[in-house]
Amino acid sequence: MAKKPQKSTMRHLGEFFGEVWKGIKADPATRAVSRTQVEERRVDTPAGQVTLRRTIIEEVVPAKQG
């Protein structure tokens, strides 16, 4: 398997400042606050053991003002 070439220092700096710039340009009013909760349990059935999983995602999206 071929080895991937490592990123240069300038590439790392460009990616870092690109993420900072996206944060500066982003409108904080459009951000969603979310929480994820996962519940899981194992149940024996005639076909064998199964895993039941429930994922709850809560999001709060602020209304635009003005």
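Strands, numbered from the N terminus, are DSSP runs of at least two residues marked E. With that in hand, Arg 35 is easily placed: this residue belongs to strand E1, which covers residues 33-45. The structure described here is a predicted model, and a tour of it can begin with the overall layout before coming back to this strand.

The protein chain contains one helix and two strands. Followed along the sequence, these elements give the pattern α-β-β. The chain has 66 residues, and buried residues account for 0% of them. Its accessible surface amounts to about 6900 Å², with 55% of that area belonging to carbon and sulfur atoms. Among the contacts in the chain with a separation of 6 or more, 28% are between residues 24 or more positions apart.

One example of residues far apart in sequence is found at Arg 35. Between Arg 35 and Val 60 there are 25 positions along the chain, while their C-alpha atoms are separated by 9.2 Å. Leaving aside residues up to four places away in sequence, Arg 35 touches Ile 56, Ile 57 and Glu 58.

The helix, H1, runs over residues 9-25. Its 17 residues should span 24 Å at 1.5 Å a residue, and the end C-alpha atoms are indeed 24 Å apart, so the two values agree. How many of the residues of H1 are buried? The number is zero, and the helix therefore lies largely in the open.

Part of the surface is a nonpolar patch formed by Met 10, Leu 13, Phe 16, Phe 17, Val 20, Trp 21 and Ile 24, which together offer about 780 Å² of accessible area. Ile 24, a member of this patch, is located in helix H1. Because the threshold for exposed is over 50% relative accessible area, Ile 24 counts as exposed at 56%. Phe 17 also falls in the exposed class, with a relative accessibility of 51%. A search of the whole structure turns up one aromatic pair. This pair joins Phe 16 and Phe 17 in an edge-to-face arrangement, with 5.0 Å from centre to centre and 80° between the planes.

Charged side chains add a further layer to the picture. Side chains of opposite charge can pair when their charged atoms come close. In the whole structure, five salt bridges are found. One of them links Lys 22 and Glu 19, with 3.1 Å from N to O. Both of these residues sit in helix H1, three residues apart, or about one turn of the helix. Another salt bridge brings together the side chains of Arg 11 and Glu 15, at 3.0 Å from N to O. Arg 11 and Glu 15 are separated by about one helical turn, because they are four residues apart in helix H1. Salt bridges with shared partners tie Lys 7, Arg 11 and Glu 15 into one network.

Within that network, which residue does Lys 7 pair with? The partner of Lys 7 is Glu 15, and the closest N and O atoms of the two are 3.1 Å apart. Lys 7 counts as partly exposed, since its relative accessibility is 48%. Glu 15 is likewise partly exposed, at 31% relative accessibility.

Definitions and conventions
Residues are numbered from 1 along each chain as its sequence is written. This is a predicted model: local features need pLDDT of at least 70, side-chain atom pairs count only at pLDDT 80 or more; totals for chains, interfaces and linings use all residues. Side-chain values use heavy atoms; hydrogens and water are left out. Patches are made of residues with over 30% relative accessible area and no salt bridge: like charges are joined within 9 Å, nonpolar side chains (Val, Leu, Ile, Met, Phe, Trp, Tyr) within 5 Å. Accessible areas come from the Shrake-Rupley method with a 1.4 Å probe; for residues, only the protein chains shown count as cover. A salt bridge is a side-chain nitrogen of Lys or Arg within 4 Å of a carboxyl oxygen of Asp or Glu. Buried means under 20% relative accessible area, exposed over 50%, partly exposed in between (1.4 Å probe, protein chains only). Contact means heavy atoms within 4.5 Å. The expected span of a helix is 1.5 Å times one less than its number of residues. Rings of Phe, Tyr and Trp (its six-membered ring) pair if their centres lie within 6.5 Å; planes under 30 degrees apart count as stacked, over 60 as edge-to-face and the rest as tilted.
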